[in-house]
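Here is a short, friendly tour to read with the model open beside you. It goes through the sheet, the spaces inside the protein and a few backbone details.

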Amino acid sequence: MTVALTVPQPVSRWETGPTARNSGLPPLRRLTTTVPREYVHRSAVTEVFLTDWHGSGPNAWTVTAQWPRAHSFYGPARGMHDPVMLAETARQAAILLSHVGHDVPLGHPAIWGRLRYSVTPAALALHSAPADLELHITDHDIVRRGSRLATMRQVYSVLRDGQELGTVDGTLSCHTPAVYRRLRGAYADLEQALARTIPLPEAIDPALVGRDRTADVVLSPATGENRWQLRIDITHPVLFDHPVDHAPGMLMIEAARQAAYAAAGDTPSLAVAMDCSFVRYTELDAPCWIRAEAAGRDEAGLPRIAVTAEQHGCAVFTATVTCAPVT
């Protein structure tokens, strides 16, 4: 079984239509709304952060987004927006531009290869209104198979109120449904893949990973120092916004963040930077083990934590997380 996404016929959402044009009334002013959820591979409209897009040059784009002041999963803490929300915003923007900028049909899977982000902590401050962002994106290293986009690298400069909030650098690959089925083999059957999901193990203490709800903890206790089992809850309304046949990329990023926070000990931390490599698909039918260890310090002296996810004895995901202490 595969999931095909559909979208209505494209119509400008600011077009007034014949009735309005002939009524003698002034045209509707341009209003803010979210982009179609299908364009960012989301089922819930409430999980769409992007509001608009336009081309700004050859292989260059401007995408706007809004971060809410409250969110069920990427919620603010200690007066700051969640920095990992930048990764999800970039994920949505990459998929949006694959469709509207590179003509990738809906229903074609998009897979991350690498994702790096960094944020300016001061720009994450929670204000009395939602955070309106501008993402200035350029496409690089574009590879096509025939007329279809195969892979590309994107570089982001993200502004909030004209000030730099952060940067993102990521690679994306797009596959036709037929190619994806060949890549996934037996796992391409969505119903069977979900049916084989291993039982959900217990969660570690939410306070150890900067969470206040057990349901949002993605690590389970395991033997060994700074070692955990990945908790894959296919009913989670955000991480599994729609059914997928493997652990989503944002689940792996969240596991890296939580592992880094747990390894940092009692000092509250903020994941101000992350460098992630998606090596293999993380399957639902076998345990995935998460390890964390110190990896030195960055140029500003902030501690780095190296996180590795292994399944069947092979690395499936790696990340280096830079943590800034917060009060």
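Over how many bridges do strand 11 and strand 12 pair? They pair over eight bridges, in the antiparallel sense. This is a predicted model, and the sheet that holds these two strands is a good place to start.

**The sheet as a whole**

- The open sheet is built from 12 strands, and their pairing is antiparallel.
- Reading across the sheet, the strands come in the order 1-2-4-5-6-3-9-12-11-10-8-7.
- Strand 1 (50-57) and strand 7 (219-221) are the edge strands, each of them pairing on one side only.
- From one strand to the next, the twist averages 30°.
- As general background, strands of a sheet pair through backbone hydrogen bonds, in either a parallel or an antiparallel way.

**Strand pairs to look up**

- Strand 9 pairs with strand 12 over nine bridges, again in the antiparallel sense; here C276 has A319 of strand 12 as its bridge partner.
- Between strand 11 and strand 12, A309 stands opposite F317 of strand 12.
- Strand 11 and strand 12 also form a hairpin, with two residues between them.
- On its other pairing, strand 11 (residues 303-311) is joined by seven bridges to strand 10 (residues 289-297), and the two run antiparallel.
- Within that pairing, E293 has A306 in strand 11 as its bridge partner.

**A helix on the sheet**

- Helix 5 (residues 249-264) packs on the sheet, and the strands it touches include strand 3 (110-119), strand 8 (227-230), strand 9 (269-278) and strand 12 (314-325).
- Strand 7, strand 10 and strand 11 are also touched by helix 5.
- The direction of helix 5 makes about 135° with that of strand 9.

**Spaces inside the protein**

- How many cavities of 30 Å³ or more does a search of the whole structure find? The search finds two.
- The largest cavity holds about 50 Å³ of space.
- Its lining is made up of A215, V217, V218, R231, D233, H236, L239, F240 and L251.
- By class, six residues in the lining of the largest cavity are nonpolar, one is polar and two are charged.
- The second largest cavity has a volume of about 50 Å³, and its lining consists of A90, A94, W112, L115, Q154, Y156, G170, T171 and L172.
- Helix 2 (84-100), strand 3, strand 5 (148-160) and strand 6 (163-174) are the elements that give two or more residues to this second lining.
- Strand 6 supplies the largest share of it, three residues.
- The lining of the second largest cavity has six nonpolar residues, three polar and no charged ones.

**Positive phi angles**

- H41 is a residue other than glycine with a positive phi, near 55°.
- You will find H41 in the loop between helix 1 (17-22) and strand 1.
- Is H41 buried or exposed? H41 counts as buried because its relative accessible area is 13%, with the limit for buried set at under 20%.
- D103, also not a glycine, has a positive phi near 60°, and it lies in the loop between helix 2 and strand 3.
- D103 has a relative accessibility of 59%, so it counts as exposed; the cut-off for exposed is over 50%.
- In the turn of the hairpin between strand 11 and strand 12, H312 has a positive phi of about 55°.

Terms used
Residues are numbered from 1 along each chain as its sequence is written. This is a predicted model: local features need pLDDT of at least 70, side-chain atom pairs count only at pLDDT 80 or more; totals for chains, interfaces and linings use all residues. Side-chain values use heavy atoms; hydrogens and water are left out. Two strands pair if DSSP finds at least two bridges between them. Helices (H or I, at least four residues) and strands (E, at least two) are DSSP runs, numbered from the N terminus. Axes are lines fitted to C-alpha atoms, for helices over the stretch in contact, and angles run from 0 to 180 degrees between N-to-C directions. Contact means heavy atoms within 4.5 Å. On a 1 Å grid over the protein atoms alone, a cavity is a set of points where a 1.4 Å probe fits but cannot get out, and a pocket is an open set with protein on both sides within 12 Å along at least five of seven lines; lining residues have an atom within 4 Å of a point. Grid points are joined across faces, edges and corners, and a volume is the space filled by probe spheres set on the points. Ala, Val, Leu, Ile, Met, Phe, Trp, Tyr, Cys and Pro count as nonpolar, Asp, Glu, Lys and Arg as charged, and the others, Gly among them, as polar. Buried means under 20% relative accessible area, exposed over 50%, partly exposed in between (1.4 Å probe, protein chains only).
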